[in-house]
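Thanks for sharing this one; here are my notes, set out point by point. I start with the two ligands and then turn to the backbone and a charged pair.

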Amino acid sequence: MFEIEQKVIDESRQGEAYQGIEEASQSSDKRFYIESYGCQMNFSDSEIIASILQTSGFGSTKDVDQASLILLNTCSIREKAEQTIRKRLTEFKKIKKNNPALLIGVLGCMAERLKSKLLEEEKLVDIVVGPDAYRTLPQLIEEAETGTKAVNVLLSREETYADISPVRINSNGITAFVSIMRGCNNMCAFCVVPFTRGRERSRDNSSILDECRDLYERGFKEVTLLGQNVDSYYWVDPITNHAVDFAMLLEQVAYISPQLRVRFSTSHPKDITESVLQTMKKYENICKYIHLPLQSGSTRILQLMNRTYTREWYLAKVKRIREVMPECAISSDIIAGFCTEDDNDHLDTLDVMRNSKYEYSYMFMYSERPGTLAAKRYQDDVPMELKQKRLEEIVALQNHLSLESNKLDLGKKFEVLIEGNSKKSNQHWMGRNSQNKVVVFEKNGTTLKPGDYVTVDVYDCTQGTLIGNIVS
Ligand code: SAH
Ligand code: SF4
Ligand code: F3S
């Protein structure tokens, strides 16, 4: 009867999720269809792409057969993510056979990683565009319409698309993502993102605030500030020379309205500051939830990964978060089977997980990515079966930790933002509490609607869901 929203093993987070566009299509001969894969940044980029295309006269469609342009916004984070895209492209071959004028574009991280090589490898692709070149999409489409293959994979040190008002895709009208920075200057040895997304740059804070205010005025109740490493957000106003760091930005967004919830993702453990924690504590509408990827619990492996913290340092950070905000939920990303990882390293990871008592984790097997520091320096020497076995142990432990954490919530009352019907029953609402936990509860004939806040008393739980009753 109740849904389990929080999948504890979720390869899809950065790899395989996709979507069609939900916005009403405009009357236009030219229609684009877009699918997005990978992280929230990519989903947010698709909303910018939709805006650029609509401004240049394209309508949108959710039906791939109605499209004159098919776009795939792709991810390269693991090999499997790229395989998914290649498979999807072969499916498009059939559509293109019946409609030779159809254009197919590959955007995003895979476009950036493979550049024009992609055109040689995937003959049906007409357009290849990297994450910093979306403004040139209309010209590239024109070029492709004349039969020339079109490529722009230039990375930029400035582009933040700050002035572009995203067209909300697949929106529930309640929660939205707002990109606050792009790129990444960290060089985690396993990670392809610094190569596909370029140098880190922050977006002008006033444009972020305008976007958040506009969302609130349109009825949205929650914004998630997005960046690969939000804690290094830093903007200096060119006129006043006034500097804004992430804690200040959080405060400015929280100040828009106590009715607007604020979330953010992702925090690098080395960069999250005391002032961010204090700002979170100060504002009730800043959600008490931090995504703090661990990657490995072994100091030796962390060093090889170039994560720049030790196991002890990470644990101290978790302790500090719980001291400042005892009710704060923490989630993590964990990689099983990084180069040279042995049984003791793996046990260290399980140990840090137990100590940190994560509410939730995204867990992956290490996948070597060409061009990364790890690919250049180390051997991918943990056999597949061992990676699999370790991942299974990590997942089993996380399932246990998630259930234990939910059990601690039995008998507690939470403010829940209603997002919509529960997946399994339209007699139940589904929403989230500040800790980002999914809460399901009976509608009970009340006149509540999505976007409303309601207090829910939790009486039962599964590993992924809290189950409760409305407090009258
Ligand atoms: N800065 C972002 C990183 C995005 S990648 C963040 O911290 O959320 C998201 C996660 O994918 C990483 O945290 C890592 O756990 C995982 N990942 C990245 N590269 C990987 C690889 N080569 N193999 C397996 N997992 C990887
Ligand atoms: Fe990749 Fe590390 Fe940057 Fe995250 S912080 S995007 S894992 S290099
Ligand atoms: Fe994937 Fe690129 Fe995001 S590689 S995880 S879509 S930044």
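**Notes on the model**

1. Please keep in mind while reading that this is a predicted model. A good place to begin is ligand 1, where a nitrogen atom is 3.0 Å from a polar backbone atom of Phe190. Another contact involves a side chain: an N or O atom of Arg78 lies 3.1 Å from a nitrogen atom of ligand 1. Asp333 also takes part through its side chain, with an N or O atom 2.6 Å from an oxygen atom of the ligand.

2. How much of ligand 1 does the protein cover? On its own the ligand has 540 Å² of accessible area, and the protein covers 94% of this. The space that ligand 1 takes is the largest cavity.

3. Which elements give two or more residues to the shell around ligand 1? They are strand E15 (329-336) and strand E16 (360-365). In total, 16 residues surround this ligand, and the closest are Gln228, Thr266, Gln295, Asp333 and Ser367. Sorted by class, the shell holds seven nonpolar, five polar and four charged residues.

4. Ligand 2 sits in the largest cavity too, the space taken by ligand 1. Among the residues around ligand 2 are Cys184, Cys188 and Cys191, together with Asn186, His268 and Arg307. Phe190 and Gln228 are also in this group, and you will remember Phe190 from its backbone contact with ligand 1, and Gln228 from the list of residues closest to that ligand. The shell of ligand 2 divides into six nonpolar, three polar and one charged residues.

5. Two backbone details deserve a look. Most residues other than glycine have a negative phi, and most peptide bonds are trans. Here, a cis peptide bond joins Ser265 and Thr266, with omega about 10°. Thr266 belongs to the loop between strand E13 (261-265) and helix H9 (274-282), and is one of the residues closest to ligand 1. The second detail is Asn306, which is not a glycine but has a positive phi of about 65°. Asn306 is placed in the loop between helix H10 (299-305) and helix H11 (311-324).

6. Finally, the charged pairs: the whole structure contains 41 salt bridges. In one of them, Asp126 pairs with Lys149, and their closest N and O atoms are 3.9 Å apart. Asp126 lies in the loop between helix H4 (117-121) and strand E5 (127-129), and Lys149 in the loop between helix H5 (137-145) and strand E6 (150-152), so this pair ties together parts 23 residues apart in sequence.

Technical notes. Residues numbered from 1 in each chain as written. Chains lettered and ligands numbered in written order. Predicted model: local features only at pLDDT ≥ 70, side-chain atom pairs only at ≥ 80, totals over all residues. Heavy atoms only, no water. Near = heavy atom within 4 Å. Polar contact = N/O pair within 3.5 Å; in protein donor to acceptor, adjacent residues only side chain to side chain. Areas by Shrake-Rupley, 256 points an atom, 1.4 Å probe, with all protein chains shown as cover. 1 Å grid on protein atoms, 1.4 Å probe; cavity = no way out; pocket = protein on both sides within 12 Å on 5 of 7 lines; lining within 4 Å. Sits in = over half its atoms within 2 Å of the grid points. Helix = DSSP H or I, 4+ residues; strand = E, 2+ residues; numbered from the N terminus. Nonpolar A, V, L, I, M, F, W, Y, C, P; charged D, E, K, R; others polar. Salt bridge = Lys/Arg side-chain N within 4 Å of Asp/Glu carboxyl O.
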